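This report looks at how the strands, the core and the cysteines of one chain fit together. Please keep the sequence and the model open while reading.

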Amino acid sequence: QVQLVESGGGLVQPGGSLRLSCAASGSIFRIKHMGWYRQAPGKQREYVAHITSDGNTFYADSVKGRFTISRDTAKNTMYLQMNSLKPDDTAVYYCNSITQYYPWGQGTRVTVSS
C-alpha cells in the first residue's frame with residue numbers, strides 16, 4: 001500500500017511563502033493524477049490543485065496565480081509552492097490522488113498569521 005507523507009508546513013506571516021512536499025512510498029506520479037487538498041478549522045476538506053500524469057496543472061480559483069504545483073518523479077515527490085499567503089490559506093494540507101484513492105496522511109499544518 002502506497003503511503004503519502006506531507007511536510008513543509010509552518011507559521012508564516014501574510015504575504016510570505018512556503019513550499020510543501022508530498023513524498024510517496026511508490027512510483028505513482030507517472031501514472032496517477034495527484035493533488036493537494038486542505039482542511040481549515042471547522043471546514044470540509046477542499047481541493048487546492050492537481051497535476052496530471054503527463055504534467056498538466058490545475059488550480060482552485062482561490063489559489064490560482066499564487067500557488068504552483070510540481071513534481072519530481074525521480075524522487076517520488078510532489079511539491080506545492082505557496083506564495084502571497086493569506087490568513088484564509090491557514091489549514092492542514094494533504095496530498096492524494098484526485099480520486100482520493102490512497103489512505104490519507106497526517107497532513108502538514110500551515111498557519112498564516114501576523
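Tyr93 touches a group of residues that lie more than four places away in sequence, namely Glu6, Leu20, Trp36, Tyr37, Arg38, Val48, Phe67, Leu80, Met82, Gly107, Thr108 and Val110, where contact means heavy atoms within 4.5 Å. The model is predicted, so local features need pLDDT of at least 70 and side-chain atom pairs count only at pLDDT 80 or more, whereas totals for chains, interfaces and linings use all residues. Residues are numbered from 1 along each chain as its sequence is written, and side-chain values use heavy atoms, with hydrogens and water left out.

Tyr93 is also one of the residues that touch the most other members of the largest nonpolar core, a set of 30 residues, together with Leu4, Trp36, Met78, Leu80 and Met82. Such a core is a set of buried Ala, Val, Leu, Ile, Met, Phe, Trp, Tyr and Cys residues joined through side-chain atoms within 4.5 Å; buried means under 20% relative accessible area, exposed over 50%, and partly exposed in between, with a 1.4 Å probe and protein chains only. The elements giving two or more residues to this core include strand 3, strand 8 (77-82) and strand 9, and the largest share, four residues, comes from strand 3. Strands (E, at least two residues) are DSSP runs numbered from the N terminus.

The two open sheets are set out below; two strands pair if DSSP finds at least two bridges between them, and the twist rests on axes that are lines fitted to C-alpha atoms, with angles from 0 to 180 degrees between N-to-C directions.

| Strand order | Pairing | Average twist from one strand to the next |
|---|---|---|
| 1-3-8-7 | antiparallel | 15° |
| 2-10-9-4-5-6 | mixed | 25° |

In the four-strand sheet, strand 3 and strand 8 pair in the antiparallel sense over six bridges, and Leu20 stands opposite Leu80 in strand 8. In the six-strand sheet, strand 4 and strand 9 pair in the antiparallel sense over six bridges, with Gly35 opposite Asn96 in strand 9.

Which cysteines form a disulfide? Cys22 and Cys95 do, with their sulfur atoms 2.1 Å apart, a disulfide being a pair of cysteine sulfur atoms within 2.5 Å. The pair links distant parts of the chain, since Cys22 lies in strand 3 (residues 18-24) and Cys95 in strand 9 (residues 91-97), 73 residues apart. The link is right-handed, with 70° about the S-S bond. Cys22 is buried at a relative accessible area of 0%, and Cys95 counts as buried at 0% relative accessibility.
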